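Visitor: I have a structure open and would like to learn how to read it. Could you take me through some of its features?

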Amino acid sequence: MVRISEDLIRRRAEHNNGEIFSLEEVSLHQQDIERIEHIHKWCRELKILYLQNNLIPKIENVGRLKKLEYLNLALNNIEVIENLEGCESLQKLDLTVNFVGKLSSAESLKQNLHLRELYLVGNPCADFQGYRQYVVAVLPQLQWLDGKEIGRAERIQALQELDKVRGRVLEQEAEYLETREKQKRSGLKETSAMLEHQKQEHPQINQSLSENQNGTHQNPESSSKAHTNAEDKEREFWEKPCAFTPESRLETHRHLEDKRRANEKESEKPKTKTPRTLITANGRVLNVNEPKLNFSLTEDENNCMVLDLHVYRHMDTSLLDVDVQPTYVRVTVKGKVFQLVLPAEVTPDNSTAQRSQTTGHLVLTLPLAHGEIKPKKPTVRPSSVTSNQNTKKETRAAPGRELLEVDPGLAGSLANIVPKGKESSHKPLQRSQPHQHCGVEERPVSKDFLDDPEVPPLM
């Protein structure tokens, strides 16, 4: 059961800065509220109150709202119009699609002199014969009924036939109230039968729960059978014919609420996620990109591979875990694995990992284990070519080098330039004639002359 709390009203009063005492309009629709309470104490200045699409069975605790002008109670479980005499400023009342069967209770609205619009469409009383004539005659201050304007002629005719129409309406009302009592009794019987059925099913449910807690799982056949039974019960619940009553509406609401809670419990259960295969059974490393990040792998001039992983710019570095292996790199980003197989072996001990201060990317520098082997430029060396017919060797000159061409006929004469058998003396040449220097005649050097380095030369 949802109760009207102060926190609920404050959350609905955001347009008034969360202030309750001066609140003039509040919307509490679709909150599964089952009782009107506290509003008449907290919101005395209220003018517009929306309470449609709830489970309210009775109009109460609104008599002190002297400034209330519009009250919307559509799609609820109200059966009697009551407790609105204190709403002196009430101008519009909406009771669309409720269960008002006691039409005579509408006469309690005579004291609401400012009431101009009333909506009772979708209620059992709207099917009574003479319904509109009776309401128009009983409430002379009304100008609109169920969205249709009340004319002067219609009002005069309704007043003239009021006694006759009232008798007919009261007879139909009594019949409806008798039928309603039967529905209540049958509803109580169905409720008690349903409770007994649930008690019988509870031991089986508790037994299955205890088996699951002890670790003994059900067979696939039994689980599929239970799933089929649940589907059959769900189909039976919605296909079963029933009268449109407050009890049936409450039962439908509770059924939906139980189903929603069951789905929430199933979603809260921890789901065992199968771990992703990073390395196969035969030792093969796989490429994995769970976080779906862009990356680039390049090679620089220092014989290093550089991996640029485009991680999120504003993500904390503590959420990153880097593991460098000789043949692959693994980076865990917020629990998701990025793994890349390297084209060459690297040294993990010398590898570095840094975050870019501008882009936030993770940059890994991975030195190669054996360095880069660069091929040398091809050089042409002199080679000899031997033909099958000639045994002569032909020498090829290296490019960029010029050789003199020799006539083959002069090969013998060139070989005899130096006569064989004669030794050449390599003695210093002696001068045959003396030379004069500055008029001084040089004398022949005696054999007994010794050149002493300590004696200075003659000038």
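Guide: We will go through the sheet, the cores, the aromatic pairs and one loop residue. This is a predicted model, in which local features need pLDDT of at least 70 and side-chain atom pairs count only at pLDDT 80 or more, while totals for chains, interfaces and linings use all residues. Residues are numbered from 1 along each chain as its sequence is written, and side-chain values use heavy atoms, with hydrogens and water left out.

Visitor: Let's start with the sheet: what is the order of the strands in the open sheet of 7 strands?

Guide: Strands (E, at least two residues) and helices (H or I, at least four) are DSSP runs, numbered from the N terminus. Two strands pair if DSSP finds at least two bridges between them. Here the order is 1-2-3-4-5-6-7, and the pairing is mixed. Strand 1 (25-27) and strand 7 (148-149) are the edge strands, each pairing on one side only.

Visitor: In which sense do strand 3 and strand 4 pair?

Guide: Strand 3 (residues 70-72) and strand 4 (residues 92-94) pair in the parallel sense, over 3 bridges. Tyr-70 stands opposite Lys-92 of strand 4. Lys-92 also lies over the face of Tyr-70, at 4.7 Å from the ring centre; a charge sits over a ring if NZ of Lys or CZ of Arg is within 6 Å of the ring centre and within 35 degrees of the ring normal.

Visitor: How should I read an aromatic pair?

Guide: A pair of aromatic rings is described by the distance of the centres and the angle of the planes. Rings of Phe, Tyr and Trp (its six-membered ring) pair if their centres lie within 6.5 Å; planes under 30 degrees apart count as stacked, over 60 as edge-to-face and the rest as tilted. The whole structure has 2 aromatic pairs.

Visitor: Why is the pair of Tyr-50 and Tyr-70 edge-to-face?

Guide: Their planes stand at 90 degrees, with the ring centres 5.6 Å apart, so the pair is edge-to-face. Tyr-50 is in strand 2 (residues 48-50) and Tyr-70 in strand 3, 20 residues apart. The other pair, Phe-295 with Phe-338, is edge-to-face as well, at 5.2 Å centre to centre and 65 degrees between the planes. Phe-295 belongs to strand 9 (residues 295-299) and Phe-338 to strand 13 (residues 336-341), so this pair ties together parts that are 43 residues apart in sequence.

Visitor: Is Phe-338 buried or exposed?

Guide: Buried means under 20% relative accessible area, exposed over 50%, and partly exposed in between (1.4 Å probe, protein chains only). Phe-338 counts as buried because its relative accessibility is 1%, whereas Phe-295 is partly exposed at 37%.

Visitor: Which residues touch the most other members of the largest nonpolar core?

Guide: A nonpolar core is a set of buried Ala, Val, Leu, Ile, Met, Phe, Trp, Tyr and Cys residues joined through side-chain atoms within 4.5 Å. Among the 53 residues of the largest one, they are Ile-39, Leu-73, Leu-84, Leu-93, Leu-103, Leu-118 and Val-135. Helix 1 (6-11), helix 3 (131-138) and helix 5 (162-214) each supply at least two core residues, and the largest share, 6 residues, comes from helix 3. In helix 3, 7 of the 8 residues are buried.

Visitor: And where does Ile-36 lie?

Guide: Ile-36 is in the loop between strand 1 and helix 2 (39-42), and at 1% relative accessibility it counts as buried. Its contacts (heavy atoms within 4.5 Å) include Ile-4, Leu-51 and Leu-73, not counting residues up to four places away in sequence.
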